[in-house]
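Got your viewer open and a cartoon view ready? Let's walk through this one stop by stop, with a selection to make at each.

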Amino acid sequence: MSHVKRVALFAGGTSAEREVSLRSGKAIEEALRANHIDVLWFDPKERSLLELQNESVDAVFIALHGRGGEDGEAQAVLEYLQLPYTGSGMMACALAMDKSRTKALWQGMGLPTARSATVSADDLIALDYEALLTSLGGEVMVKPAHEGSSIGMARATSAEELRSALTSASEFDTELLVEQWLSGPELTVGILGEQALPAIRVKTPHLFYDYQAKYEDHSTEYLCPAGLMEQEELAARELALKAFHAVGGRGWGRVDMMYDAQSNLQLLEVNMVPGMTAKSLVPMAAKQLGMDFSQLVMRVLATAQTATD
């Protein structure tokens, strides 16, 4: 994409992750301009994506997190407009945004992921909370199936806690994932092109890596190198690439995983538009390879392609 002179930068949007997206967008915009790229700031909350037909841009850099930008919706419009864009295609994004179906795919391909159940918000009144909790080991994590940034997540160790957690999560989604609790530690592995970046270990005094721990609390630690033995590091990177390719990922992304009580890695989810803020993890991993933020942004931009490329 060396011919790229003008880029539409998608940031903001209407998802629950709008504020994080705006922060990612500002950092990316600064890096693009530093590399003499003309940037068209484009917030889909304020403009229809179809207005891009009237703009002369060479590519689109997607910095939208969550629904509307990470779920294949924006990608579908850009494919219709035949504009090159960063990140994965429409189908891969739609699948990765659905935690339940992503886990089902991984399980079908023999990749490790914790036992879970998917619950419809419509079924909460009649649900046997005690039976569900017992079937998953008595301690679970509840997640909206289609949200990111740990939004709507909660732990439950009793039927009443599970009821409360599912009720709260149903404010964000109609499909809810109930997953066997994993004791950690948590790792995240960035993907850039066909390369898995160094693993990052996430340490937080919070019960789990929630929204506050990700974006607001300065007590969260990110260890890169992650302190793994060489074989463990290689295993984490290999698993991340397999998980990313399994959902059809391309360009760049990030795979989250956690160790269970038996020290086996279990896949959590794949992020098709990872954060690019000052506290984000892909830039941290890239830095371990000697790549600064500006270089990373240009590397991501270089992966932009159309559906037919």
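Here is a tour that goes from a sheet to its helices and then out to some loops.

Before you click anything: this is a predicted model, where local features need pLDDT of at least 70, side-chain atom pairs count only at pLDDT 80 or more, and totals for chains, interfaces and linings use all residues. Numbering starts from 1 along each chain as its sequence is written, and side-chain values use heavy atoms, with hydrogens and water left out.

**Stop 1: the sheet**

Select β1 (residues 6-10), β2 (38-42) and β3 (59-62). The names come from DSSP runs numbered from the N terminus: helices are H or I with at least four residues, strands are E with at least two. You should see an open sheet of three strands in the order β2-β1-β3, with parallel pairing. Strands count as paired if DSSP finds at least two bridges between them. β2 and β3 stand at the edges with a single partner strand each, so one side of each has no neighbour in the sheet. On average, neighbouring strands here are turned by 30° against each other, direction ignored.

Now zoom in on β1. Five bridges join β1 to β2, and four bridges link β1 with β3. Show A8 and you'll find its bridge partner L40 in β2; show L9 and F61 in β3 stands opposite. Is β1 mostly covered or mostly open? Mostly covered: four of its five residues are buried. Buried means under 20% relative accessible area, exposed over 50%, and partly exposed in between (1.4 Å probe, protein chains only).

**Stop 2: the helix across the sheet**

Add α1 (18-34). α1 lies across β1, β2 and β3, running at about 165° to β2. Angles run from 0 to 180 degrees between N-to-C directions, and axes are lines fitted to C-alpha atoms, for helices over the stretch in contact.

Next, bring in α10 (residues 293-302). Two packed helices are described by the angle between their axes and the distance between the axes. For α1 and α10 the angle is about 90° and the axes are 9 Å apart. That pair is therefore roughly perpendicular, on a scale where angles under 35 degrees are roughly parallel, over 145 roughly antiparallel, 65 to 115 roughly perpendicular and the rest oblique.

Show side chains for A27, I28, A31 and L32 in α1, which meet F293, S294, V297, M298 and L301 in α10; contact means heavy atoms within 4.5 Å. Coloured by class, those residues divide into eight nonpolar, one polar and no charged. Ala, Val, Leu, Ile, Met, Phe, Trp, Tyr, Cys and Pro count as nonpolar, Asp, Glu, Lys and Arg as charged, and the others, Gly among them, as polar.

**Stop 3: another helix pair**

Select α3 (residues 90-97) and α4 (99-108). Their axes come within 5 Å and cross at roughly 100°, which makes α3 roughly perpendicular to α4. Here L95, A96 and M97 of α3 meet K99, R101, T102 and L105 of α4. This contact has four nonpolar, one polar and two charged residues.

**Stop 4: T113**

Follow the chain into the loop between α4 and β4 (116-120), where T113 sits. At 10% relative accessibility, T113 is buried. What does the side chain of T113 reach? The backbone oxygen of L267, at 2.8 Å. Beyond neighbours within four places in sequence, T113 also touches other residues, including K103, W106, Q107 and E179.

**Stop 5: loop oddities**

Two cis peptide bonds deserve a click. One runs from G184 to P185, with omega near 5°, and P185 lies in the loop between β7 (175-180) and β8 (186-192). Another joins C224 and P225, with omega about 10°; look for P225 between β11 (221-223) and α8 (230-246).

Then pick H36, in the loop between α1 and β2. Its phi is near 65°, a positive value in a residue other than glycine, and H36 is exposed at 71%. S263 also has a positive phi, near 65°, and is exposed at 55%.

Last selection: F172, in the loop between α6 (159-169) and β7. F172 is partly exposed at 33%, and its contacts beyond four places in sequence are R67, P144, E147, I151 and G152.

Methods: Polar contact = N/O pair within 3.5 Å; in protein donor to acceptor, adjacent residues only side chain to side chain.
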